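I opened a fresh page for a structure I had not looked at before. My plan was to go from the whole chain down to single residues.

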Amino acid sequence: PHYCTKCRPCKFTMKFSSSAVALLAAAASGASAFCPAPTSSRRPTTSLFASDVILKKQTGYSSLDPAVIAKYNALPFPDDKILAEYVWVDADGNTRSKTRTLDKHKAESVDKLPKWNFDGSSTGQAPGDDSEVILQPRRIFVDPFRPRDDKLNNILVMCDTYTPAGEPLPTNTRAIAMKAFEGNDHEEVWFGLEQEFTLFNLDERTPLGWPEGGMPSRPQGPYYCSVGPENSFGRAITDAMYKACLYAGIEISGTNGEVMPGQQEYQVGPCVGIDAGDQLMMSRYILQRVCEDFQVYCTLHPKPIVDGDWNGAGMHTNVSTKAMREDGGLEVIKTAIYKLGARHAEHIDVYGEGNELRLTGLHETASIEEFSFGVANRGASVRIGRDTEAEGKGYFEDRRPSSNADPYLVTGKIMETITATIDAPEIAALDRSVA
């Protein structure tokens with residue numbers, strides 16, 4: 001099969017501001033993490049240092065003896081210390097992390113956690129001659145990868161990034177989103193985010209369940225929410241991630257197998273305001289850590305397979321304000337949708353990298369060029385559910401964000417638009433037969 005050739009070399013590429021994109025593009029090599037360079041056909045020599053030696057990616061993993069790992073995992077933690085894994089988002093939208101030891105009382109609240117720093121020149125977030133980037137703790141989660149049995153918890157800490165002078169970095173999209181949420185607490189906005197992802201073998205070319213170098217023998221159809229070894233691929237990974245997220249305290253509300261074989265989905269929410277971005281971003285970190293354990297490659301690219309009749313991957317975003325959940329809320333929802341339509345291009349700009357490959361008007365998507373909405377219509381940009389229409393209140397689903405979209409930018413942009421004073425014309429709903 002042919003793979004996308006338009007990506008930057010990262011798993012979790014997300015859409016940033018135009019200036020940030022220009023900066024990242026200049027640094028990019030042009031290679032794609034979703035289209036790795038063909039492996040060499042030369043036979044490896046016996047010399048360890050020969051230039052043409054090709055080591056399998058599993059080498060380091062397979063050399064580890066589980067019994068040895070278990071021996072160290074069984075060592076008790078000090079009863080007055082906890083481990084804190086500080087997690088942040090780098091210049092490419094990937095999560096990174098590092099660990100520190102803290103007094104157990106520091107974990108009682110996020111306000112007690114100390115700031116930390118890292119070398120931003122190694123993450124594309126600072127120049128080498130002024131490379132210190134400050135990590136500001138924002139949200140605490142329980143660490144599912146270092147459990148302990150002494151009634152204490154090691155923790156994961158979601159952070160955002162600042163200069164030593166206290167200015168948010170250009171890549172700190174959480175700070176951008178906070179500007180949209182500040183002063184709007186009375187809206188009580190809920191977000192539910194549907195994160196789709198695709199699992200590959202470590203060759204980064206062959207999705208789980210696909211023959212190497214080929215296509216499945218059956219078209220998509222039997223794989224969605226499926227069971228059976230011929231239909232479902234990656235269930236153990238998704239289930240492990242699910243349980244790890246629950247343990248961490250993430251509001252993960254469900255999972256399911258998706259339309260393309262090897263593609264999976266989980267849902268986070270409902271979450272209030274900025275917490276949606278914090279929880280979704282930490283869930284992505286947990287997903288990657290789980291895939292690390294299973295030695296499976298995970299991509300959030302919105303169209304990892306561009307040839308053939310295969311669905312892409314999105315991050316459908318469900319939205320509901322207090323007024324939308326009250327009587328008469330359907331009209332509030334429609335007004336919000338009209339505003340989204342008036343700013344369609346602005347939203348597309350922050351709804352993910354490579355989204356033009358996915359939003360084609362096919363495979364349960366609307367065209368990227370046109371805004372539309374409909375009731376129970378998965379071919380629309382924004383969908384109103386049948387239950388919301390019947391009850392006259394509820395929520396709407398923005399189906400445009402791609403799977404690699406930045407949840408901070410997506411939720412912040414939606415909040416900014418639906419609370420803005422916009423002279424937005426009414427939009428006719430798509431006919432239900434158009435799907």
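My entries follow, from the overall picture to the local details.

**Entry: the whole chain**

I noted at the start that this is a predicted model. I looked up the chain length and found 435 residues, of which 52% are buried. I then listed the secondary structure: 11 helices and 13 strands. Next I checked contacts with a separation of 6 or more, and residues 24 or more positions apart account for 69% of them. For the accessible surface I wrote down about 20,400 Å², with 52% of that belonging to carbon and sulfur atoms.

**Entry: helix α6**

I went to helix α6, which covers residues 275-294. How far does α6 reach from its first C-alpha to its last? I read off 28 Å for its 20 residues, close to the 28 Å expected at 1.5 Å a residue. I then looked at burial along α6. Here 17 of the 20 residues are buried, so the rest of the structure largely encloses this helix. I also checked what comes just after α6, and there Q295 takes a positive phi of about 55 degrees.

**Entry: the β1 and β2 hairpin**

I turned to strands β1 (residues 81-89) and β2 (residues 95-103). They run antiparallel, and nine bridges join them. I picked L83 and looked for its bridge partner in β2, which is T101. The two strands form a hairpin with five residues between them. In the turn I found G93 with a positive phi of about 85 degrees.

**Entry: a nonpolar patch**

I looked for nonpolar residues on the surface. V68, Y72 and L75 make a patch of about 310 Å². I placed V68 in helix α3, residues 66-73. V68 counts as partly exposed, because its relative accessibility is 40%.

**Entry: salt bridges**

How many salt bridges does the count come to? I got 16. I followed three of them.

The first was R138 with D160, where the closest N and O atoms are 3.0 Å apart. This pair links distant parts of the chain: R138 is in strand β4 (residues 132-142), D160 is in strand β5 (residues 155-162), and they are 22 residues apart. I checked the burial of each partner. R138 is partly exposed at 31% relative accessibility, whereas D160 is buried at 4%.

The second was E416 with R343, with 3.5 Å between the closest N and O atoms. E416 lies in helix α11 and R343 in the loop between α8 (329-342) and α9 (344-349), so the pair ties together parts that are 73 residues apart in sequence. E416 is partly exposed at 37% relative accessibility. I also saw that R343 and E416 belong to a network of salt bridges with E346 and K413.

The third was R383 with E397, at 2.7 Å from N to O. R383 is in strand β12 (residues 382-384) and E397 is in strand β13, with 14 residues from one to the other. Are R383 and E397 buried or exposed? Both are buried.

**Entry: S402**

I looked up S402 and found it in the loop between β13 (396-398) and α11 (407-418). S402 has 0% relative accessibility, so it counts as buried. Which residues is S402 in contact with, leaving aside neighbours within four places in sequence? I listed P302, A313, G314, M315, Y351, G352, E353, N355 and R358.

**Entry: unusual backbone angles**

Before this search I reminded myself that most residues other than glycine have a negative phi, and most peptide bonds are trans.

I found a cis peptide bond from G269 to P270, with omega near 5 degrees. P270 lies in strand β8, residues 263-272.

I then checked H363 and E364. H363 is not a glycine, yet has a positive phi of about 55 degrees. For E364, phi is near 65 degrees, again a positive value in a residue other than glycine. H363 sits in the loop between α9 and β11 (373-375), and E364 is in the loop between α9 and β11 too. H363 counts as partly exposed at 22% relative accessibility. E364 counts as partly exposed at 40%.

Note on methods. Residues numbered from 1 in each chain as written. Predicted model: local features only at pLDDT ≥ 70, side-chain atom pairs only at ≥ 80, totals over all residues. Heavy atoms only, no water. Helix = DSSP H or I, 4+ residues; strand = E, 2+ residues; numbered from the N terminus. Expected span 1.5 Å × (residues − 1). Buried < 20%, exposed > 50% of the residue type's maximum accessible area, 1.4 Å probe, protein only. Pairing = 2+ DSSP bridges. Contact = heavy atoms within 4.5 Å. Areas by Shrake-Rupley, 256 points an atom, 1.4 Å probe, with all protein chains shown as cover. Patch = residues over 30% accessible without salt bridge, like charges linked within 9 Å, V, L, I, M, F, W, Y side chains within 5 Å. Salt bridge = Lys/Arg side-chain N within 4 Å of Asp/Glu carboxyl O.
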